[in-house]
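User: I have a model open and would like to go through the ligand site and any empty space inside. Could we begin with the terms?

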Amino acid sequence: MLKGKDIINTTQFSLQELDLIMNTAANFEKRVKDGEVIKNMEGQVVAALFFEPSTRTRLSFETAVNRLGARVITVASAASSSAAKGESLADTIRTVDGYVDVIIMRHPMKGSAQIAADNAVHPFINAGDGSGQHPTQALLDIYTIRKEKGALSGHTVTFVGDLKNGRTVHSLGYFMALYGNKMIFVSPKALQMPEEITADLRNRGAEIEETDNLKKALSVSDIVYVTRIQRERFENPAEYEKLKGSYIVNRALIDQAKKGITILHPLPRVDEISTDVDDYEGAAYFRQAHNGLYVRMALLALITGRA
Ligand code: CP
């Protein structure tokens, strides 16, 4: 079903494909936890091209490749590749495509994922394209929701923070709409979800409320997805300084939220979730980051036909 496919954005998936990814990830999770030496992708080579900083996405992809018995070659920064000499993205991808079986790329430019995929014969995975999309994050987010809540439907989900620049919420919003969940968007006015995304989600049947009242939103939410104010997307540092710290989720706020609320965050966090929340049992953000390994193993195995 997914063999040979590029992974560009979350609008591309059917419910059947998502079921397959979730079930394959669960299978890999069990096999890894059982201590199995997995060889599904033995003999294959994967390129991880990271032209923007990353901890979780790059290292979980690299771990996934290693856990699948394949090998990985990495560009860990734009400065360490010939992009620094002015090479075009298209030329870089056409070159790397001749070396490997899969290309994974993170790049600061929105829309770069499609350009890269168009220049590769082998399957391509978008690991974040500027303020565009981060589909593999959204896949691990729904894997986490399924594990934490037992179902992917029937929830009210609050997204809070930098909804304008946060590619993770752009991606996850489409999955939440697909599964029929209600969404509440909480942000400063300057960082609201882009109108074209909100309109598109509503056209797809999503129920969406927009507010600046986080406390009220949390009183009716089953899940809160907290995001960092994306400093690297601001042209004017003074504007970032004005908006940082707009919303802080702390233990006192969680104690007044709907009972059993699950707290997600793609990480890294700066100060938008206080550390006094970390020992709340519904604080799932580190479990969420760990789930990325199994979901990325599933994706790699499925698109190479090795699941
Ligand atoms: N969630 C996420 O993309 O984290 P990194 O930037 O560390 O990869």
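Analyst: A polar contact here is a pair of N or O atoms within 3.5 Å. The model is a predicted one.

User: Which side chain has a polar atom 3.0 Å from a nitrogen atom of the ligand?

Analyst: That side chain belongs to Q137. The backbone also takes part: a polar backbone atom of R56 is 3.0 Å from an oxygen atom of the ligand, and a polar backbone atom of P266 is 2.8 Å from a ligand nitrogen atom.

User: How much of the ligand does the protein bury?

Analyst: The protein buries 91% of the 250 Å² that the ligand exposes when taken alone. The ligand sits in the largest pocket.

User: What surrounds the ligand?

Analyst: The surrounding residues are S54, T55, R56, T57, R106, H134, Q137, P266 and L267. By class, this shell has five polar, two charged and two nonpolar residues.

User: Changing topic, how many cavities of 30 Å³ or more are there?

Analyst: The whole structure has two. The largest has a volume of about 60 Å³, and its lining includes R228, Y247 and D271. The second largest has a volume of about 50 Å³.

User: What lines the second largest one?

Analyst: Its lining includes R56, Q137 and P266, along with S60 and R296. R56, Q137 and P266 are also among the residues around the ligand.

User: Which helix supplies the largest share of that lining?

Analyst: Helix 11 does, with four residues of the lining of the second largest cavity. Helix 2 (56-67) and helix 5 (135-149) each supply at least two.

Terms used. Residues numbered from 1 in each chain as written. Predicted model: local features only at pLDDT ≥ 70, side-chain atom pairs only at ≥ 80, totals over all residues. Heavy atoms only, no water. Near = heavy atom within 4 Å. Polar contact = N/O pair within 3.5 Å; in protein donor to acceptor, adjacent residues only side chain to side chain. Areas by Shrake-Rupley, 256 points an atom, 1.4 Å probe, with all protein chains shown as cover. 1 Å grid on protein atoms, 1.4 Å probe; cavity = no way out; pocket = protein on both sides within 12 Å on 5 of 7 lines; lining within 4 Å. Sits in = over half its atoms within 2 Å of the grid points. Nonpolar A, V, L, I, M, F, W, Y, C, P; charged D, E, K, R; others polar. Points joined across faces, edges and corners; volume = space filled by probe spheres on them.
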